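Subject: Structure for your review

Dear colleague,

Please find below the structure that I would like to hand over to you. Kindly look at it first, and then read the notes that follow.

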Amino acid sequence: MAEQVRIAVVGPFSGPRSAWGELLRRSARQFTEPSLVWELHDDRGDAECGVLRAGDVTDDGGYAAVIGHFNSAGAEGALPLYRRAELPVVLPLATRPGLLAGSGGGALRWCPDDLGQLRAIAAAAAGHGLARLLVGHDDSDYGRHLAALFTALPAPPLALSALPSPWKPRAGDAVAVCGTHVGVAGVVRGLRRAGFDGRLFATDDCSVGEFAELVGTAGRDVHVTRLAGGPERRVEAAFTALAGALSGDPAARGERLLARIRAHADAAFTADGELDVSPGTGDGHGWEIRPVRPARPGTRGTGGAPAEVASFDVAVVGAGVVGSAVAAATAAAGARTALIDAGPAVPSATHWSGGIVRAYDPDPEMRALAVRSHQLLWGRSSGHARRYGFRRTGSLVLLGPGDLPEAVRGVVELQAGGIEAELLTVEDIADRWPQLAAGHAAGAVWEPGGGCADPRLTTSEYRRQALATGAQVLDDARVHGLEPHPLGALVRLDGSSVLAHSVVVAAGSGTPALLAERLPAGAGTAEPVTRRIRYGYFDRGGRALPALVDLVTGVWGRPMPEEPGAGTLLVGRPVDEWGVPPGGGTQLTPEQVEYVRDGASTVWPWLREARCLGGRHGTDLYRKDGPLLGVVPGEPWTVVAACWSGGGFKTAPAAAESAAEKVLANLRRQGRISA
């Protein structure tokens, strides 16, 4: 096994701002990869503590990079230490203006600065016809600094001034409060107690769920500034780029690593490493204003009383790629949507997916979904598909003699759907890819437009869309049951519940436990069963390879998304382990690695000598008669989208479209959304 690469993750993992550190912690768990180790360093959101942690990191001398420093003042003091140590820094959420000015590199910042959020608040206030905006703070250093920046801004036609003390509210007043989410919540409650019932704006530290809990009923008509798409999106994007850069080139350090991170990023940066925000994207330039949402079901407000059960038009159970895409579609159509994510302790099959994308499948039903998915997403412009983590490498499906008749029909269907595809002979394969061995096959289906995607980045993009169109994500909310209710369905969570008029179950291996006897049964059907999936990462030695599925041996592989000349081949081989508990991990035994290597070297002979960089294993849900996609019998009214038998990632866009259409049609019949 290759030596593990260590990355320091610095943030507030304890103390009053630990809700922000949880974003970093969650991504560190989500983006676990072979050979990568994310080590947490707690700075408690304190500037001085942040500098001390930076000293610990640089004194250690064993880290490849740093991600974090949520606290901008701490980041400002730490950056010179990292620069002297030539240690690249990724800053997902540090927003102080001028943080990287004149640095000449060494760090990349994934977020716009605070001047943008202050302009966004001023524009929102002016847009509501307000003439005066009073600016207060929570008496923290951060709050005072931000308030001083705010009152110094020119913001015609709006008049900006500091919140006087004492102050008597007058009609038409609005107040912006700057500071930490804990401090701002206290100021907001105090203003409401003093009789102020006008509009309130809170700065971006308040864009965490805990703020709604802290502010309680005083949160009416409170609007919070947040990074466009939500802070989670920035953190996930930063982790994706850093993990991709190091997975492809574990030895990269310093400037070379920074260049690779830039190449893997979903954004552009200036020479100093600042996010390059193009003009014309709105007054906030990367910021948005959203009303405070109710506290998550089951949480307690500041008065100690249980929060009311939240009600939605649709509850989507399962936040993998299919569930996130369903939530994006229903929210965009105007349905009040809850996306229920069991959290990193119960990772979805998407987390462990191989991410191969192709339109051909020997099963006609899966093939139809894959063709539609190509039309919806994978076959669109490179720039659009790349936002979802897709890379075109081409897709090759090796066929046995018995597979040829269906392949002929399949290629015709693909071509009719506008997808370039052709049947190849074994000789064609040898001519085009001499590094492959296909003598055991009878031919192949070749799709130049196929390839592979980062499943987590795909899911993250759908989740971002869902949040941007009003969906509410319930994190770390395990579902224990679905019950009929006069309003539709009662979704039982840990110590709380959600009401919904319609339910979508896209819970992967957790689906049978939730739906039990409601799953289709009868002649010609079979109960779904879990199966272990296991694969390894092998050094591909710079070889340019297509994504490949071998229907003869069952092995498959795809290049990881790196630049030419470096990277790995992700290789899987069927494992005869059924009825296993859901879950996964990032360790394979030497025997398991050799099992994968022995089978895969039938197709890639050079794998016999290739270096293994690690592996991982997960769980998928299999069903002999194909996927479950449609309305299930019984109450409550439920759509199921599950049982993809290991090949469902490529069909996710179409599966989600189908599930969402059924839900939206039901809501329209009920008159809950417009036709």
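**Strand 8 and its surroundings**

In strand 8, Ala 174 has Leu 133 standing opposite. Please bear in mind throughout that this is a predicted model.

Leu 133 leads us to the first pairing. Strand 6, residues 132-137, runs parallel to strand 8, and 5 bridges join the two. On strand 9, which covers residues 199-202, the pairing with strand 8 is also parallel, with 4 bridges. Within that pairing, Val 175 stands opposite Leu 200.

Is strand 8 mostly covered or mostly open? The strand spans residues 174-178, and 5 of its 5 residues are buried, so it counts as mostly covered; buried here means under 20% relative accessible area. The covering applies to both faces: Ala 174, Ala 176 and Cys 178 are buried on one side, and Val 175 and Val 177 are buried on the other.

**Helix 6 and Arg 192**

Strand 8 and strand 9 also belong to a right-handed β-α-β unit, whose helix is helix 6, residues 181-193. Arg 192 lies in this helix.

Which side chain of opposite charge is nearest to Arg 192? It is Asp 221, at 5.3 Å. A salt bridge requires a side-chain nitrogen of Lys or Arg within 4 Å of a carboxyl oxygen of Asp or Glu. Arg 192 therefore has no salt bridge, although it is buried. A polar atom of the Arg 192 side chain does, however, lie 2.9 Å from the backbone oxygen of Phe 196. Leaving aside residues up to four places away in sequence, Arg 192 touches Asp 197, Gly 198, Leu 200, Ala 218, Arg 220, Asp 221 and Val 222. Leu 200 in this list is the residue of strand 9 that stands opposite Val 175.

**Backbone points in the loops**

Two residues other than glycine deserve your attention for their phi values. Arg 44 has a positive phi near 55° and lies in the loop between strand 2 (36-42) and helix 2 (47-60). His 69 likewise has a positive phi, of about 55°, and its place is the loop between strand 3 (63-68) and helix 3 (72-84). Arg 44 is partly exposed, with a relative accessible area of 43%, whereas His 69 is buried, at 1% relative accessibility.

Finally, the peptide bond between Glu 635 and Pro 636 is cis, with omega at about -5°. Pro 636 is found in the loop between strand 29 (628-632) and strand 30 (638-642).

Yours sincerely

Methods
Residues are numbered from 1 along each chain as its sequence is written. This is a predicted model: local features need pLDDT of at least 70, side-chain atom pairs count only at pLDDT 80 or more; totals for chains, interfaces and linings use all residues. Side-chain values use heavy atoms; hydrogens and water are left out. Buried means under 20% relative accessible area, exposed over 50%, partly exposed in between (1.4 Å probe, protein chains only). Two strands pair if DSSP finds at least two bridges between them. A crossover is right-handed if, with the strands pointing away from the viewer, the path from the first strand over the helix to the second runs clockwise. Lys and Arg count as positive and Asp and Glu as negative; His and the chain ends are not counted. A polar contact is a pair of N or O atoms within 3.5 Å; within protein, one must be able to donate a hydrogen and the other to accept it, and residues adjacent in sequence count only if both atoms are side-chain atoms. Contact means heavy atoms within 4.5 Å.
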